[in-house]
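Biologist: Hey, can you walk me through this model? I'd like to hear about the contacts between side chains first, then the pockets.

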Amino acid sequence: MTNWIGMPAHNRWMENELDRILEFGRGAKVPNGFGWLSNTGGIREEQGTQLWITARMVHTYSIASLMGRPGARTMAAHGVKALTEGPLRDREHGGWYAVVANEGDEVTDRKKEAYAHAFAALGAASAVAAGVPGSEELLTLAVDCINQHFWSDEEQMVVDNWDETFAHCDEYRGGNANMHSVEAFLVLHDVTGDDIWLDRALRIASVLIHDVARNNAYRVNEHFDDQWNVLRDYNKEAPGDRFRAFGGTPGHWVEWGRLLVQMRATLAAEGKKVPEWMLPDAEALFHQGVADAWATDGAPGFVYTVDWEGEPVIRSRVRWVIVEAIGSAYALHSATGKSEYADYYQEFWDYCRDYLLDYETGSWWQELDETNTPTTKVWNGKQDIYHLLHCLIVPRLPLTPGMAPALARGLLDRN
């Protein structure tokens, strides 16, 4: 195949597609932050304003601002203000509530989620890199909350959800929250220059990938008890849970692959010791994800989840999975120079254009069934555009630093 990575014509196509999804995302703005978008671009009022969506949209439009998109800065500033001054913020106990109404002061879910707070930190760091008003305060709030409540010095990992007052922490420990904490920590390191974030990211990756996943054929375990014992049957009776699916989620395996390559590049660029396992593990994660999930049930696309023998459980094709596979293929091609990753990159993009891009109602379909027909088995709506942003920009950036810091330093491939 032709290598599309770095091709000016391909980059121009991604620029045009970026503008299309950014315009779609503008419809998410609500008084208290950003709402849950429906398949046609309206607001799903019953979902309220969720912390994870609002924080991810701050990240998204901060990056868009750095790319010169008019109106993106005001969108990001709206999100920053919502997180610092709006009802999502818990001024009494700290941190942010999980869900509030789209307008007014009603709090509909008071728990404090590790997953969503990782995105609050990511959004804050990206906003600081973009110079968004109020972002320094948001960054301080997010960092203080992570240090006080979510990073465990004893466990040297991120704990999971708390109650409203931070008095009781779930006994559950989650790989998903820790993976997205790694994502946030790498950008926090880039923005603050503090090595503690890089050290924490490396610690999490060492445990979840090199210690645990490597000994499970690189099928990443995501569910643990508070002693970090693997819970292999967690949610077996509810396999389609949006954030804690039973079994393995290959989209996270390939996402981990990109994060490992990014972390490895950061360590090397800063003259720090690079663990020898990082690149081989990143490649193994990618190949196991492809072997278990890519067109393995007789139809194109990645199946959403598999069991511990690699057999499909949820056969839906969820868009964020292939989006992360695109980013991983790019990162591994950049790190290794191997043509197989460039070939996968093109193959994945062909699938996206054939099945996922929605030119009638906007953005991309969030979920397709096993026949590649739109469905809502796991996800109902087109929530946000965070993952889509990544596949359209990551292939035009160096492996390090992270997205917003790289754009702030003018490192975008402008061909």
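Modeller: Sure. Let's begin with a salt bridge: the side chains of R110 and E164 meet there, at 3.0 Å from N to O. Keep in mind that this is a predicted model.

Biologist: Where in the chain do R110 and E164 sit?

Modeller: R110 is in the loop between β5 (107-109) and α4, while E164 is in the loop between β7 and β8. The two are 54 residues apart, so the pair links distant parts of the chain.

Biologist: Are R110 and E164 buried or exposed?

Modeller: In between. R110 has 40% relative accessibility, so it counts as partly exposed. E164 is partly exposed too, with a relative accessible area of 23%.

Biologist: What else does R110 do? Which ring does R110 lie over?

Modeller: R110 lies over the face of Y97, at 5.4 Å from the ring centre. There's another case like that: the charged end of R244 sits over the ring of Y172, 3.7 Å from its centre.

Biologist: Back to salt bridges. How many does the structure hold?

Modeller: It holds 22 salt bridges. One of them joins K111 and D109, at 2.6 Å from N to O. K111 counts as partly exposed at 31% relative accessibility, and D109 does at 23%.

Biologist: What about R315, which residue does it form a salt bridge with?

Modeller: With D297, and their closest N and O atoms are 3.4 Å apart. R315 and D297 are both in the loop between α9 (278-293) and β10 (317-318), 18 residues apart. R315 is partly exposed at 34% relative accessibility, and D297 is partly exposed at 23%.

Biologist: Which residues are linked in a network of salt bridges?

Modeller: E15, D19, R69 and R396 are linked that way.

Biologist: New topic: aromatics. How many aromatic pairs does a search of the whole structure find?

Modeller: The search finds 27 aromatic pairs. Y115 and F243 make one that is tilted, with 5.0 Å centre to centre and 55° between the planes. Y115 belongs to helix α4 (residues 114-129), and F243 to the loop between β9 (223-224) and α8 (250-269), 128 residues apart.

Biologist: Why does Y115 count as buried?

Modeller: Because its relative accessibility is 13%, and buried means under 20%. F243 is partly exposed, with a relative accessible area of 29%.

Biologist: And F150 with F166, what kind of pair is that?

Modeller: Edge-to-face, because the planes are at 80° and anything over 60 degrees gets that label. The ring centres are 6.0 Å apart. F150 is in helix α5 (residues 135-150), whereas F166 is in the loop between β7 (157-158) and β8 (173-174), 16 residues apart. Both F150 and F166 are buried.

Biologist: Which residues form one aromatic cluster?

Modeller: F286, W294, F302, Y341, Y344, F348, Y351 and Y355 form one.

Biologist: OK, pockets. What volume does the largest pocket have, and which residues are closest to its centre?

Modeller: The largest pocket has a volume of about 400 Å³. It is lined by 22 residues, and the closest to its centre are K111, E113, Y115, N161 and F243. You've met some of those already: K111 from the salt bridge with D109, plus Y115 and F243 from the tilted pair.

Biologist: Where does the largest share of that lining come from?

Modeller: From helix α6 (residues 175-192), which gives three residues. By class, the lining of the largest pocket has eight nonpolar, six polar and eight charged residues.

Biologist: And the second largest pocket, what volume does that have?

Modeller: About 170 Å³. Its lining includes R89, D90, W96 and H149. The lining residues divide into three nonpolar, five polar and four charged.

Biologist: Last topic, the backbone. Where is there a cis peptide bond?

Modeller: Between T400 and P401, with omega about 0°. P401 is in the loop between α12 (386-393) and α13 (403-408).

Biologist: Which residue other than glycine has a positive phi?

Modeller: S363 is one of them, with phi near 55°. S363 is in the loop between α11 (339-356) and β11 (367-368), and is buried at 1% relative accessible area. N372 also has a positive phi, about 65°. N372 lies in the loop between β11 and α12 and counts as buried at 9%.

Definitions and conventions
Residues numbered from 1 in each chain as written. Predicted model: local features only at pLDDT ≥ 70, side-chain atom pairs only at ≥ 80, totals over all residues. Heavy atoms only, no water. Phe/Tyr/Trp six-rings, centres within 6.5 Å; stacked < 30°, edge-to-face > 60°. Helix = DSSP H or I, 4+ residues; strand = E, 2+ residues; numbered from the N terminus. Buried < 20%, exposed > 50% of the residue type's maximum accessible area, 1.4 Å probe, protein only. Lys NZ or Arg CZ within 6 Å of the ring centre and 35° of its normal. Salt bridge = Lys/Arg side-chain N within 4 Å of Asp/Glu carboxyl O. 1 Å grid on protein atoms, 1.4 Å probe; cavity = no way out; pocket = protein on both sides within 12 Å on 5 of 7 lines; lining within 4 Å. Points joined across faces, edges and corners; volume = space filled by probe spheres on them. Nonpolar A, V, L, I, M, F, W, Y, C, P; charged D, E, K, R; others polar.
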